[in-house]
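Please open the model in your viewer and keep the sequence panel visible beside it. This tour tells you what to select next and what you will find there.

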Amino acid sequence: MTTFGNLINGEWVVTGTTFNNINPSDTNDIIGVYSTAGEPEVKAAIAAARAAFETWQYSTPQQRFDILDAAGSEILARKAELGALLSREEGKTLPEGIGEVTRAGHIFKYFAGEALRAHGEVLDSVRPGIKVEITREPVGVIGLICPWNFPIAIPAWKMAPAIAFGNTVVCKPAELTPGCAWALADILTRAGLPKGVLNVVFARGSVAGPLMIDGCDAITFTGSVPTGTRVRDAAVAKGKRIQCEMGGKNPVIVLDDADLNIAVNSVLNSSFFSSGHRCTASSRIIVTEGIADKFVQALADAAKAIKVGDSRADGVQMGPIASQEQLKIAQDAVATAKAEGGVVVAGGEDLTFGTPGYYYAPTLIDKTTPDMSINKEEVFGPVASVIRVKDLDEAIKVANDTEMGLSAGICTSSLKAAETFKRKAQAGMVMVNLPTAGVDYHVPFGGRKASSYGSREQGAYAKEFYTIVKTAYTFAG
């Protein structure tokens, strides 16, 4: 089997150590063999990015547009193929995989346009004869630390703006999902990206992280709160620009006046689709007393009806959990919730099919209280808990009772209740009668409290992280 190398200074570098990319739907299926990068390769990648920045920072907007637009076009043209790869290595269903690839293609095309929209300002000084120019310049070498749950969309929304604004990149993809990152690097290289502008290293986080924090000018990280906190603290200690998108313990409130079908479908989508592997997933369902019994029964029935199986099989609505480690986290969380008094009304068990895989039933736990572990700790799997409350005021109080603040939702037919929640929810993103998971690529993404640190990702707000503002004064005489 061919070994896929690391992209360093325009060359595919193979080392003496490899790892296998395993299909979580069928652990006997080896998708590919990837070359492990060690300290020498990571250092070489940073050096290549540093050297390439000397010229790339002065590249024209048209050059950057052409490369990013071509990459976006190829991604969209190959969405079925790349979607199948994504589903095979991460465990998303095939429609979800194709949807994520489509989003990645749109992200590249959006930031191709942003390369041409790098506006500045010219102002009159308060002093006579002086002109003031305000421009944005690239930061330098950007280190990308990417997670496994969105293996093409998240690298895309970090790579594309970095390149669009004239930076160079060192990307460390997650070890669970190297295939999509390799494909992106291959596409960008063939689109004409000069050598060294993008470097991709398949290294362990413990190896790459410290080297990237030390050698890059900025770090953008997506992952868990504990890891992100360590990355943030290390970067801040060295005076590096840092952006972290971390976990979520996202609430959705269901009020008595909610449309039952809208509420059930919204929660079902955001709690269980993509196997719950979304930082924006609804994991805390806060329901008022008048609708609670009816809603919980309807949601439990819907969860039990979800068709689980091989991610690429026709009709499957939820694939496997991505790894044995994540499966164990879900199993332990459910066991702890039961021990603390929660009642499992759907799921709560491993599933078996024709192939060995990390299958777990969509799980709904009723009768939980805000202080239980299941409502404090991120599970990152197809597990949701129900908290029953009296009214909107109590619901909002419970919703905000978390260290995290990424996404929050409400299901209601009351405009007043919706507006109150939007104003009072302590979250970076708020959804009304919609799943808490599922966002557009052209608007800012990010949260509050322990969920996020630094400036927002995506859309026009991305320039705040990937550029530095320069103010220039000129005496015209």
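The stops below go from the whole chain to its two domains and then to single residues.

**Before you start**

This is a predicted model, in which local features need pLDDT of at least 70 and side-chain atom pairs count only at pLDDT 80 or more, while totals for chains, interfaces and linings use all residues. Residues are numbered from 1 along each chain as its sequence is written, and side-chain values use heavy atoms, with hydrogens and water left out.

**The whole chain**

Select the chain and show it as a cartoon. You will see 14 helices and 23 strands, which are DSSP runs numbered from the N terminus (helices are H or I with at least four residues, strands are E with at least two). The radius of gyration, taken over C-alpha atoms, is 23 Å, close to the 23 Å that the globule rule (2.2 Å times the number of residues to the power 0.38) gives for 477 residues, so the chain is as compact as a globular protein of that length. If you turn the C-alpha trace along its principal axes, it spans about 75 × 65 × 40 Å.

Next, colour the chain by accessibility. Of its 477 residues, 55% are buried, where buried means under 20% relative accessible area, exposed means over 50%, and partly exposed lies in between (1.4 Å probe, protein chains only). The chain exposes about 18,700 Å², of which carbon and sulfur atoms supply 53%; such areas come from the Shrake-Rupley method with a 1.4 Å probe, and for residues only the protein chains shown count as cover.

How far apart in sequence are the residues that touch? Among contacts (heavy atoms within 4.5 Å) between residues at least 6 apart in sequence, 73% join residues at least 24 apart.

**The two domains**

Now give two colours to domain 1 (3–246 + 451–475) and domain 2 (251–432), whose bounds come from an automatic or database domain assignment. The centres of domain 1 and domain 2, taken over C-alpha atoms, are separated by 31 Å. Where the two domains meet, 26 residues of domain 1 are in contact with 27 residues of domain 2.

**Helices H1 and H4**

Select helix H1 (residues 39–56) and look at Trp56 within it. Trp56 counts as buried because its relative accessibility is 2%. Leaving aside neighbours within four places in sequence, Trp56 has contacts that include Gln63, Arg64, Ile163, Leu193 and Val197. If you measure from the C-alpha atom of Trp56 to that of Lys240, which is 184 residues away along the chain, the separation is 21 Å.

Move on to helix H4 (residues 94–116), where you can select Thr102. Thr102 counts as buried because its relative accessibility is 18%, and, not counting residues up to four places away in sequence, Thr102 touches Leu76 and Lys79.

**A loop residue: Lys195**

Is Lys195 buried or exposed? Select it in the loop between helix H6 (178–190) and strand E10 (198–200); Lys195 is exposed, with a relative accessible area of 59%. Beyond its neighbours within four places in sequence, Lys195 is in contact with Asn9, Gly10 and Ala52. From Lys195 to Val383, 188 residues apart in sequence, the C-alpha to C-alpha distance is 44 Å.

**Two positive phi angles**

Most residues other than glycine have a negative phi, and most peptide bonds are trans. Select Lys367 in strand E16 (residues 363–368), whose phi is near 60°, a positive value; Lys367 is partly exposed at 47% relative accessibility. Then select Phe380, in the loop between E16 and strand E17 (383–389). Phi of Phe380 is also positive, near 60°, and Phe380 is buried, with a relative accessible area of 17%.

**Contacts far along the chain**

Select Thr436, in the loop between strand E20 (429–432) and strand E21 (448–449), which counts as buried at 0% relative accessibility. Thr436 and Val252 are 184 residues apart in sequence, yet 7.3 Å apart in space, C-alpha to C-alpha. Val252 is one of the residues in contact with Thr436, and others include Ser270, Thr280, Ser407 and Met431.

Finish at Thr474 in strand E23 (residues 467–475), which is partly exposed, with a relative accessible area of 36%. Its C-alpha atom lies 8.4 Å from that of Gly129, although 345 residues separate Thr474 and Gly129 along the chain. Leaving aside neighbours within four places in sequence, Thr474 is in contact with Gly129, Ile130, Lys131 and Glu133.
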